[in-house]
Amino acid sequence: MTPPRRKRPQPIATRLVVILLLAVAVGVIGWRAGYVPSVWAKTADAPELSGAAVPALPGGPAGAPRSTRAEAPASAQQPAGTTTKPSGPTSAVSGTGTGVAVPVAQLADTRALVLVNADHGVTTHPGTASLVSAWPKVPVINSGVRLSPATLRAVTSLFAAASQAGVGGFYVSSGYRTFAAQQRLYDAAAEKSHVQPPSHSEHETGLAVDIMAVGVAQADLGGSPQGRWLADQAWKYGLILRYPAGKQGVTGIAAEPWHFRYVGTPHASYCHQHGLTLEEYIAALQRTGGYTVTLGTTTYDVRYEHASGGALRVPAGLDHTVSSDNTGGYIVTSWK
Ligand SMILES: [Zn+2]
C-alpha cells in the first residue's frame with residue numbers, strides 16, 4: 001500500500017530552508033563534539049563518548065588535535081607556577097545557581113577517580129572496546145597489555161619525557177586485568193601484601209599500570225634512579241604513585257614503586273604536592289568540598305558533589321569532567 005510518489009521540483013525557498021537546517025544540524029553536532037571535554041574522550045570508562053575510535057596519542061599533549069583543552073593542563077605543569085587556595089564548598093560551581101542539573105543516568109562519567117581498594121570493589125568493568133593496546137605505543141612485557149586510552153596517553157608522555165631526561169628502559173609490565181586474571185593472580189600469590197582479591201584491584205579498571213625498568217629487579221625499583229624519577233615525575237602526566245611507602249595503613253597495600261594510577265590533572269598534582277593517597281585525597285575533598293588550583297595558565301576548580309533528586313549539578317558554560325568516586329559522590333572538575 002505505497003501511495004504513488006509525486007515527484008516535482010522543490011521551490012527554491014524550500015531548498016534553502018532544507019540547506020539551512022542541515023547546516024544548523026551539522027553545526028550543533030560539531031559543537032557538541034567539540035564541547036565534550038577530551039578527558040572524557042580519553043577515558044576507557046566513557047565508551048559512549050569516546051569509543052575505541054579515539055586513538056592513543058603518540059606525542060603526548062601536543063599530539064591531540066581534539067584534546068587541546070583537556071591536554072592544556074598536562075602541558076602546563078610547572079610546579080613553580082602552581083598555587084593552591086582552598087575555596088570551600090560554596091563556590092559558584094557547587095549549586096549556587098550557575099550550574100545545570102544533569103540526570104545521573106545521562107552523566108558522562110569518566111570514572112577516572114574511582115576509588116578501588118579492599119573496601120571498595122570494582123562495580124563497572126571497562127568494556128573491551130574501551131581499552132587500547134599499549135603496544136606499540138610503549139614498550140611492554142607482552143603484546144597483550146591493554147590500558148584505558150587516557151592511561152596509555154599518560155604513560156606514553158611519561159616515557160617520552162623519561163627518554164628526553166636520559167632515564168630510559170621503562171616498560172609496562174601489567175595493565176588491565178579481567179576478574180578471572182586477577183583471581184588467578186590472587187590464588188597464585190603465596191604472600192598477599194601486594195595483591196588484591198578479584199574485584200578489588202585497580203588493574204581491573206584499566207587505569208592502573210605497573211612500570212618496570214630493564215635491568216632493574218622489581219624489588220630494587222624504588223631505590224633505583226629510574227624508580228626515583230618515576231616517583232618525582234609521574235604526577236605531571238596525571239599519574240599517581242598509588243601505594244607509597246609508609247601508607248600501607250591507608251591503602252592496605254605495601255609500598256609498590258612500580259604501580260601507578262591514572263587520575264588526571266589536576267588531581268595527580270594535588271596528591272603529589274600534598275603527599276596524599278587516593279583514599280586521603282577523596283577524604284579531603286569530602287571534608288573540604290573542593291579546591292581551586294592554577295597550574296601554568298590553567299585554573300581548575302575541583303568540587304565534591306552528591307547527586308540530588310537523581311541529578312548532579314555541573315558547571316554551565318565551562319569545560320568540565322565528572323567522575324564518580326565509587327564511594328557515592330562525584331568529583332566535578334572544571335577549568336578555564
Ligand atoms: Zn599494579
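Which residues does Ala234 touch, not counting residues up to four places away in sequence? The legends below take up this question and then visit other parts of the model, which is a predicted one.

**Figure 1. Ala234 and its neighbours in the nonpolar core.** Leaving out residues up to four places away in sequence, Ala234 touches Leu158, Leu239, Ile240, Leu241 and Phe260. Ala234 also belongs to the largest nonpolar core, which has 62 residues. Val155, Ala234, Leu239 and Ile240 are the residues with the most contacts inside that core. Helix 4, residues 149-164, gives the most to this core, with 7 residues. Domain 1 (70-113 + 264-336) and domain 2 (124-262) both contribute residues, so the core lies between them. As a general background, nonpolar side chains tend to be buried together in soluble globular proteins.

**Figure 2. An open sheet of 4 strands.** Here the strands follow the order 5-6-8-7, with antiparallel pairing. Strand 5 (170-174) and strand 7 (239-243) are the edge strands, each pairing on one side only. From one strand to the next, the twist averages 45 degrees.

**Figure 3. Strand 7 beside strand 8.** Let us look at one edge of that sheet. Strand 7 and strand 8, residues 256-262, pair in the antiparallel sense over 4 bridges. Two facing pairs help you find your way: Leu239 stands opposite Tyr262, and Ile240 stands opposite Arg261. Although strand 7 is an edge strand, 5 of its 5 residues are buried.

**Figure 4. The hairpin of strand 12 and strand 13.** Strand 12 (residues 319-324) and strand 13 (residues 330-335) run antiparallel and are joined by 6 bridges. Within this pairing, Asp319 has Trp335 as its bridge partner. The two strands form a hairpin with 5 residues between them. Of the 6 residues of strand 12, 5 are buried, so the strand is largely enclosed by the rest of the structure. In the turn, Asn326 has a positive phi, near 70 degrees, in a residue other than glycine. Is Asn326 buried or exposed? Asn326 counts as buried because 20 C-beta neighbours lie inside 10 Å.

**Figure 5. Val314 and a partner from far along the chain.** Val314 is found in strand 11, residues 311-315. This residue is buried, with 21 other C-beta atoms within 10 Å. Val314 and Val100 are 214 residues apart in sequence, yet their C-alpha atoms are 5.4 Å apart in space. Not counting residues up to four places away in sequence, Val314 touches Gly99, Val100, Val102, His320, Val322 and Val332. Across the protein, residues 24 or more positions apart account for 71% of the contacts with a separation of 6 or more.

**Figure 6. Helix 8 and its surroundings.** Which residues of helix 8 (residues 267-274) are buried? They are His267, Ala268, Ser269, Tyr270 and Cys271. Strand 7, helix 9 (278-288) and strand 9 (290-295) are included in what covers them. Just after helix 8 comes Gly275, with a positive phi of about 65 degrees. On the other side of the helix, in the loop between strand 8 and helix 8, is Pro266. The peptide bond from Thr265 to Pro266 is cis, with omega near 5 degrees.

**Figure 7. Backbone details in two loops.** Most residues other than glycine have a negative phi, and most peptide bonds are trans. Pro136 lies in the loop between strand 3 (132-133) and strand 4 (146-147). The peptide bond leading from Trp135 to Pro136 is cis, with omega near 10 degrees. Ser199 is found in the loop between helix 5 (179-188) and strand 6. This serine is not a glycine, but has a positive phi of about 80 degrees. Ser199 counts as partly exposed, with 15 C-beta neighbours inside 10 Å.

**Figure 8. Asp220 in a loop.** Asp220 is found between strand 6 (208-213) and helix 6 (225-233). With 13 other C-beta atoms within 10 Å, Asp220 is partly exposed. Asp220 and Pro257 are 37 residues apart along the chain, and their C-alpha atoms are separated by 9.1 Å.

Technical notes:
Residues numbered from 1 in each chain as written. Pairing = 2+ DSSP bridges. Axes fitted to C-alpha atoms, helices over the stretch in contact; angles between N-to-C directions. Buried ≥ 20, exposed ≤ 12 C-beta atoms within 10 Å, placed from the backbone. Core = buried A, V, L, I, M, F, W, Y, C linked by C-beta atoms within 7 Å. Domains from an automatic or database assignment. Contact = placed C-beta atoms within 7 Å.
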